[in-house]
Amino acid sequence: MSYSVGQVSGFAGITVRTLHHYDKAGLLSPSDRSPAGYRLYSDADLARLQQILFYRELGFPLDEIATILEDPQANALDHLRARHRLLTDQITKLQRLVEVAEQAMEVQQTGVELTPEERFEVFGEVAFDLTYATEAHLKWQHSEGHQRSMARAAAHSKEDWAKLMAEAADWRRRLLTAFDTEAPADGEHAMDLAEEHRQHISRWFTPCPTDMHGRIADDFAADPRAFALVVPPTEQRPGLAPYLRTAVHANAVRQSDQD
């Protein structure tokens, strides 16, 4: 069977111009000619084209493809291994670029206007998960409370964040002590810790009524990414997030009774 340039272009999904380029480069020349002088490709030519396109997809330059196809002594496996190493290096570099982009996105989504070095210095193990920050932003972006919180976060200086995080770390230490010593989640001490957390949010981010605090605590218990904002994974215990949720809801009842 013989095939015209147009037919091969359609088969292979490449342009006629590309086929002409391969021909001029001596990489793939039609084996036949029609009576009218038109170039025609044979089945063997199509098989060679398939090999060319395979190597092109892997990023091989045309001169290297020609070497592989023309030299019977050429070891295609060696070429493929070398290409694999190159692609792996490129993937590593691209992954690093993705991480840099994610860090930039994270800053935008969380409102924390600090450099990566400052963020590590201030936050330590407490990290903002990009996926959670993005979902939360999309979910609450039209909420007045969320907008106020983002604006407050963006306005905090490095010193503000350091003070905020020191305050949070002290609260977290006392929460863990209460949990480890089996203080009742609906007891006075646990409720006091819950109230302290509510006031912390109000002081540093946005007014936090008890119903809003309850929704935050529900999120802590339902989504590990959210709970990691207040307790790093290395400090968490099984049941700690539900413990805090119970304390928050018990405190909401207590606050309602006091009003």
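The following exchange discusses a predicted model, in which local features need pLDDT of at least 70, side-chain atom pairs count only at pLDDT 80 or more, and totals for chains, interfaces and linings use all residues. Residues are numbered from 1 along each chain as its sequence is written, and side-chain values use heavy atoms, with hydrogens and water left out.

Colleague: Which element of the protein has the highest mean pLDDT?

Modeller: pLDDT is the predictor's confidence in each residue, from 0 to 100, and its mean over the protein is 82. Helices here are DSSP runs of H or I with at least four residues, numbered from the N terminus. Among the elements, helix 6 (residues 116–123) has the lowest mean, 55, while the highest, 95, belongs to helix 10 (residues 188–204).

Colleague: Is L62 buried, partly exposed or exposed?

Modeller: L62 lies in helix 4 (residues 62–70). Buried means under 20% relative accessible area, exposed over 50%, and partly exposed in between, with a 1.4 Å probe and protein chains only. Because its relative accessibility is 21%, L62 counts as partly exposed.

Colleague: Why is the pair of F54 and Y55 edge-to-face, stacked or tilted?

Modeller: Rings of Phe, Tyr and Trp (its six-membered ring) pair if their centres lie within 6.5 Å, and planes under 30 degrees apart count as stacked, over 60 as edge-to-face and the rest as tilted. The structure holds 6 aromatic pairs. The rings of F54 and Y55 have centres 5.2 Å apart and planes at 65°, so this pair is edge-to-face.

Technical notes. Helices (H or I, at least four residues) and strands (E, at least two) are DSSP runs, numbered from the N terminus.
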